[in-house]
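Visitor: I'd like a tour of this structure, please. Could we start with how the ligands sit and then look at how the chains meet?

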Amino acid sequence: MSPLSIGIVGAGPAGCFAAQALSKDFMDAEITILDRLPVPFGLLRYGVAADHQGTKAVQHQFERLFSRPNVEFVGGLDYGRDVDLDRLRSIFDVVVLATGAPDDRRLGVEGETLEGVIGAGRLTRALNSHPEAGAELPVVLPRVGIVGSGNVAADLLRLLSKTSVEWDGSDMDDALLHQILPRPVTEVHLISRSDAVEARWDAAMLRELASLKRPRFQVLTGSIGSRGSPEADALRELVAARSEPTDLSINLHFACVVEQVLGRDRVEGIRIRSHTGLRKDLPVDTVLTAIGFEPRPVETVPPRVYRTGWLRTGPQGTIPAQRTLSKQLALEIARDLRSGLIQPGRPGCAALPAGRTTNFAGWRRIDAYERAQAVEQRVRLKISDIETLYAVGQDANLAVAPARGTSK
Amino acid sequence: MKIIILFGTESGNAELLADEVAEAIGNRFPVVKHDMSETDPMELSPGDFHLVICSTHGEGVLPSGAVPFAAALDRDPPDLRGLRYAMFGLGDHSYDHYARGSEIIDEHLRAAGAERVGLYGRYDASSQDDPVQLACEWAFAVLNEAGHLIGENA
Ligand SMILES: Cc1cc2nc3c(=O)[nH]c(=O)nc-3n(C[C@H](O)[C@H](O)[C@H](O)COP(=O)(O)OP(=O)(O)OC[C@H]3O[C@@H](n4cnc5c(N)ncnc54)[C@H](O)[C@@H]3O)c2cc1C
Ligand SMILES: Cc1cc2nc3c(=O)[nH]c(=O)nc-3n(C[C@H](O)[C@H](O)[C@H](O)COP(=O)(O)O)c2cc1C
């Protein structure tokens with residue numbers, strides 16, 4: 001019998017964990033992971049903060065995965081533009097969609113389209129050298145409003161506060177950072193819809209903020225309250241930690257909503273209203289929204305097509321959660337194989353449309369090149385230009401050491 | 001005597017190391033890989049040698065894959081006297097309790113009478129180290145040291 005051919009669209013954590021689980025459960029299956037970008041790993045590369053290299057260690061697992069002879073990476077194929085679902089279903093016995101949910105949720109108030117309102121997804125992509133961010137690089141001016149109080153908002157607080165030495169050990173591109181932050185941020189107003197106890201960030205993220213050199217934290221609207229939770233305790237410590245004036249004040253506003261972004265052509269302020277009805281206008285020149293991502297519309301999928309990751313669950317859930325989902329996916333596929341719903345026999349990878357694509361060897365070249373370009377105290381210098389990504393990825397003359405401990 | 005590689009994981013890194021160590025030592029010893037989330041501590045046997053690989057999550061706590069295993073050891077500790085194991089912890093030194101998850105498992109095993117032998121290996125996720133290389137070096141060092149306990153071709 002011919003081996004099962006599996007096509008996975010999207011090489012983010014969800015797609016990679018899916019491939020990992022499927023290659024374990026279906027040993028003979030031939031698995032192809034395609035991505036619209038020439039490089040794999042989705043938000044692991046373009047969302048997770050540059051100074052959280054530890055989180056990126058799961059990449060080792062995926063590198064192993066792609067080194068197996070029956071797992072292929074095809075970068076540079078856009079699902080929707082280069083290949084559609086019917087075509088994929090004629091090429092693969094099983095199709096898994098794992099394209100995530102990259103669009104920032106909209107604020108939904110007057111002024112949200114003013115220049116200077118920037119979604120967290122857009123900003124974190126730019127800070128991570130995403131190749132599509134360069135054309136219109138977001139610029140963050142010294143007085144910033146941040147809307148939201150989850151881990152992404154905490155990421156932003158940290159990223160905007162760091163001094164050069166605090167980036168040691170990261171892969172931050174300093175020149176790019178300087179373009180995004182032409183002058184140091186001096187004042188932040190963080191606006192949280194929920195009260196302090198119900199905010200969605202983790203205590204560990206808040207504790208990390210306490211170790212930053214510049215900022216002084218204070219609560220300007222609402223209060224932390226006396227109710228205990230690890231997050232509220234961490235917040236209390238953060239506020240108590242430093243009272244002397246500094247050159248960066250981070251002001252927290254709890255239990256209040258954004259009524260309007262103020263300004264004529266570009267952001268001049270933000271109007272908030274507390275639960276008690278009190279209005280305040282805060283003078284800011286940039287508004288960052290960290291209120292989540294737009295879920296992709298849920299369409300029913302035909303037989304032999306599955307969804308996983310943020311595309312399936314909506315835009316929430318951590319990287320480990322993607323691993324859990326992948327095990328569930330493998331069970332569903334095993335069930336459909338047993339029931340005869342899936343009949344192997346389709347050609348797989350070789351039948352994909354040709355185009356300007358990269359493969360895993362190409363990623364290894366890009367990876368090696370970026371590490372070699374790293375400046376002092378940085379672990380890599382990411383290539384932010386799409387043409388250079390393809391050029392390096394396709395340059396077979398670039399010598400690359402074999403993947404660590406692998407056989408391919 | 002078999003080598004049992006017992007791993008506890010949240011995002012799969014410990015499992016990757018278990019796979020790679022199994023492959024690296026597989027031609028010298030009979031090896032079996034067990035996920036803590038599917039292991040009853042009662043099944044552990046002093047007749048096997050254990051390589052335990054466990055990560056850390058939250059605020060220095062166990063990864064979710066190791067929680068039921070530790071709870072079972074806590075609730076109803078089996079008599080593990082005579083059982084020998086070596087420990088490898090995964091963590092990240094930028095957190096407060098570096099590799100604490102592995103220490104928690106270590107404490108539970110010792111409380112039940114098991115004996116830890118050899119090097120205590122560690123991998124720091126925010127270092128530039130190759131975790132696979134570290135874990136394999138650790139396993140070889142431990143097995144060389146404990147070789148007399150195991151018997152090369154047992
Ligand atoms: C700013 C930010 C920071 C985060 N930090 C952390 C963290 O520190 N720890 C943590 O555990 N989680 C973190 N997360 C959550 C984590 O990123 C997600 O859980 C995870 O990335 C979801 O995986 P996914 O594969 O579904 O989506 P994605 O990671 O978005 O991957 C989707 C992939 O599909 C590709 N794709 C999209 N459209 C197409 C198309 N048409 N054709 C082909 N390919 C396509 C994309 O290029 C991408 O590679 C963070 C998220 C964000 C937004
Ligand atoms: C949310 C989170 C919390 C963590 N907490 C700790 C910690 O308290 N101490 C530590 O040493 N490492 C901590 N780590 C690091 C992990 O132990 C490390 O990334 C490890 O490689 C994960 O292995 P796993 O994939 O097997 O779970 C944490 C990682 C994450 C993502």
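Guide: Sure! A residue counts as near a molecule if one of its heavy atoms lies within 4 Å of it. Keep in mind that this is a predicted model.

Visitor: With that cut-off, how many residues surround ligand 2?
Guide: Look in chain B, where the closest ones include B:Thr9, B:Ser11 and B:Ala99. By class, this shell has six nonpolar, eleven polar and three charged residues. The number surrounding ligand 2 is 20 residues.

Visitor: Which residue has a backbone N or O atom 2.9 Å from a nitrogen atom of ligand 2?
Guide: Let's set the oxygen contacts aside: a polar backbone atom of B:Asn13 is 2.7 Å from an oxygen atom of ligand 2, and a backbone N or O atom of B:Thr56 also lies 2.7 Å from an oxygen atom of this ligand. The one 2.9 Å from a nitrogen atom of ligand 2 belongs to B:His97.

Visitor: How much of ligand 2 does the protein bury?
Guide: Start with ligand 2 taken alone, which exposes 640 Å². Of that area, the protein buries 87%.

Visitor: On to ligand 1. Which residue puts a polar side-chain atom 3.2 Å from a nitrogen atom of ligand 1?
Guide: Watch the atom type here. A:Gln322 has a polar side-chain atom 3.2 Å from ligand 1, but its partner is an oxygen atom. A:Gly42 also pairs with an oxygen atom of ligand 1, using a backbone N or O atom at 3.5 Å. The side chain that pairs with a nitrogen atom of ligand 1 is that of A:Asp78.

Visitor: Which element gives the largest share of the shell around ligand 1?
Guide: The shell has 31 residues, and by class 15 are nonpolar, twelve polar and four charged. The largest share from an element is three residues, and it comes from H11(A).

Visitor: Now the two chains. How many residues does the contact take from chain B?
Guide: Between them, chain A and chain B bury about 1,500 Å², with 46% of it on carbon and sulfur atoms. Chain A puts 18 residues into the contact. From chain B, the contact takes 19 residues.

Visitor: And how many salt bridges are there between chain A and chain B?
Guide: Here's one to find: the side chains of A:Lys24 and B:Asp19 meet in a salt bridge, 3.2 Å from N to O. On the side of chain A that touches chain B, there are seven nonpolar, four polar and seven charged residues. The count of salt bridges between the chains is five.

How values were computed. Residues numbered from 1 in each chain as written. Chains lettered and ligands numbered in written order. Predicted model: local features only at pLDDT ≥ 70, side-chain atom pairs only at ≥ 80, totals over all residues. Heavy atoms only, no water. Polar contact = N/O pair within 3.5 Å; in protein donor to acceptor, adjacent residues only side chain to side chain. Helix = DSSP H or I, 4+ residues; strand = E, 2+ residues; numbered from the N terminus. Nonpolar A, V, L, I, M, F, W, Y, C, P; charged D, E, K, R; others polar. Contact = heavy atoms within 4.5 Å. Buried area = accessible area lost by both parts, 1.4 Å probe. Salt bridge = Lys/Arg side-chain N within 4 Å of Asp/Glu carboxyl O. Areas by Shrake-Rupley, 256 points an atom, 1.4 Å probe, with all protein chains shown as cover.
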